[in-house]
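Colleague: I am new to reading models like this one. Could you take me slowly through one part of it?

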Amino acid sequence: MPALSVPVTAALLGVLLALCSVPLPWSPLAFLPLAAVLWYAAQGHDARQVSVRLLWSGVGLFTIHLWWLTTFLNKLLGTGTGVLAFALFFLEGAFLAVMAYPIATRLRDPAARVWGLAGGWVILEWLRFLGPLAFPWPTLGSTLLPSPAIQIADLGGVLLGSVLVTVTAASLASFVLSRDPWGRARPVILAAVAWAAALAYGVTRTPGQGPVQPALVLRTAFDSFGRAVGSVSPAEQERLQRAASLNRPAGEIAVWSETAITAPGRPELLAAFPGPGISGVGAGGTKPEFNAVAAIDAQSRATSWSDKSKLVPFGEYFPLYAQLRPLYGIIENALRFDLSGVEASGTPRPLSLGGVLYGAYICYDSVFPAVARSLVQQGARLLVNPSNDGWYDGWGVQQHFAMGRIRAIETRRWLVRSVNKGVAGSVNDLGQPVQTLSAGETLQVLHVRPQLLAGTTLYVRMGDIPALLLALVMIGVAFRMEARARRW
């Protein structure tokens, strides 16, 4: 067998999985290529082979799913630097391999391995929400977004969706691999019942009811790279946004995008903003830098602030910067750019405006379920997501919006989004876009009518615990199958 056959075969299976992910409309079929990935990996002769197969499947998956990162790096650092993204693709594949090795060491039966790898995959997705390198692209549960089954996210978050996908994939793969006739059929029946229950739950969900809070959102089209180096004037940006936000109907708040206002420090008066409303605010050439969102009253005074909770690794901050200062210094000298980064908030706080608590979180925060969950736990009645998607092209923009919609489902809150490029508008508490703007090279405004909702979902109360417990059940099933296979 040719030496490259295993990497190529595994990578192609990963590519098929990527081609069944968001934002593609057939993404709910992701369990089919995932079943093939698990089936192929589980048949490795030893733990090393299982890990190698998952490594290359992961590389194929992340290369296609995150290909837009190569364009971003080419724009940011110069033509040809997009190849640096392959280090990330390989790293993410390596995480899958590291997860697989101890599981494959303890489990020899291929059918048992399938279930162990499925449970481990969900736990790995949970770990990718945590730590200094947190990067939760792609989460299998988000593939359910075009299906009513995604509504189970209010019970156990996006990871509960991942459980449904992995259980289905594992049942199909083990059906082929298992030597136990009755044991082959039961998981498939279980998966079918789970899908029927999820779909029934989804189609019976109805939108919540609450008072309407009119809002004006903007979709700007500023060059993000020009803004970063100062070639696009902050004053001109603020003038255009202010002109578009004046003469609003009474009671309508304005929402501006991430760093729509540039200000040194955290001033009380933000005169460029025609309050009341909410806007992203960024530091203006001062250190330390910050990226925050502020509630601003009718007198253009900031009444409350909240910092961005999750910073983009190697974009807004550089891990271990203090410890690796000499190494980073070499990079800074070469690029003539300070990498010291942006201050992050430990805990996001709702913004108070007109007696209403708003769960405002910035751009990258929207792909982390814990951020919106924390804000709703603190009483937020409407989610507000100022973003800047002008850095990215293609799938990156669509994936960001799609993943953010799941936060509305998990918390059963409306979501309002104001953005530089990308998708601006409103999403209801079922995660359905209601009014959106997604294209154009000029500044556009949209008047949206989100509702203020209350109450808490099971996910808001319990977080990822149900999904993690089910992942452990899958691993427990794997060990039970291993014991039975040895008796055979």
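How much accessible surface does the chain have, and what share of it belongs to carbon and sulfur atoms? After that, please look closely at the loop between helix 1 and helix 2.

Modeller: Happy to! The accessible surface of the chain comes to about 20100 Å², and carbon and sulfur atoms account for 65% of that area. Please keep in mind that this is a predicted model. Its mean pLDDT is 90, with 89% of the residues reaching 70 or more. Confidence does vary along the chain: it is lowest in strand 7 (residues 342–343), at a mean of 60, and highest in helix 14 (residues 458–462), at 98.

A little more background will help. The chain has 488 residues, and 58% of them are buried. Its secondary structure comes to 15 helices and 14 strands. If you take the contacts between residues at least 6 apart in sequence, 69% of them join residues at least 24 apart.

Now to your loop. It runs between helix 1 (5–18) and helix 2 (31–42), and Trp 26 is one of its residues. Pro 23 sits in this loop too, and a cis peptide bond joins Pro 23 to Val 22, with omega at about 15°. That is worth a pause, because most peptide bonds are trans.

Let us move along to Trp 26. With a relative accessible area of 45%, Trp 26 is partly exposed, because the value falls between the 20% limit for buried and the 50% limit for exposed. Trp 26 also helps to make a nonpolar surface patch of about 360 Å², together with Leu 29, Leu 32 and Leu 172.

After the loop comes helix 2. Its 12 residues should span 16 Å at 1.5 Å a residue, and the end C-alpha atoms are indeed 16 Å apart, so the two values agree. Of these 12 residues, 9 are buried, so helix 2 is largely enclosed by the rest of the structure. The buried ones are Phe 31, Pro 33, Leu 34, Ala 35, Val 37, Leu 38, Tyr 40, Ala 41 and Ala 42. Leu 32, by contrast, belongs to the surface patch you just met.

Would you like some other places to set beside this part? A second cis peptide bond joins Gly 275 and Pro 276, with omega at about 5°. Like Pro 23, which is in the loop between helix 1 and helix 2, Pro 276 lies in a loop, here between strand 3 (261–262) and strand 4 (277–282).

For another helix to put beside helix 2, try helix 13 (residues 395–411). Its 17 residues should span 24 Å, and its end C-alpha atoms are 25 Å apart, which agrees. Here 15 of the 17 residues are buried, so helix 13 is largely enclosed by the rest of the structure. Right after helix 13 comes Arg 412, in the loop that leads to strand 11 (415–420). Arg 412 has a positive phi, near 55°, although this residue is not a glycine. Most residues other than glycine have a negative phi. Arg 412 is buried, because its relative accessible area of 12% is under 20%.

Thr 259 also has a positive phi, about 50°, without being a glycine. You can find Thr 259 in the loop between strand 2 (253–255) and strand 3. Its relative accessibility is 23%, so Thr 259 counts as partly exposed.

Technical notes. Residues numbered from 1 in each chain as written. Predicted model: local features only at pLDDT ≥ 70, side-chain atom pairs only at ≥ 80, totals over all residues. Heavy atoms only, no water. Patch = residues over 30% accessible without salt bridge, like charges linked within 9 Å, V, L, I, M, F, W, Y side chains within 5 Å. Areas by Shrake-Rupley, 256 points an atom, 1.4 Å probe, with all protein chains shown as cover. Salt bridge = Lys/Arg side-chain N within 4 Å of Asp/Glu carboxyl O. Helix = DSSP H or I, 4+ residues; strand = E, 2+ residues; numbered from the N terminus. Buried < 20%, exposed > 50% of the residue type's maximum accessible area, 1.4 Å probe, protein only. Expected span 1.5 Å × (residues − 1). pLDDT = per-residue confidence, 0-100. Contact = heavy atoms within 4.5 Å.
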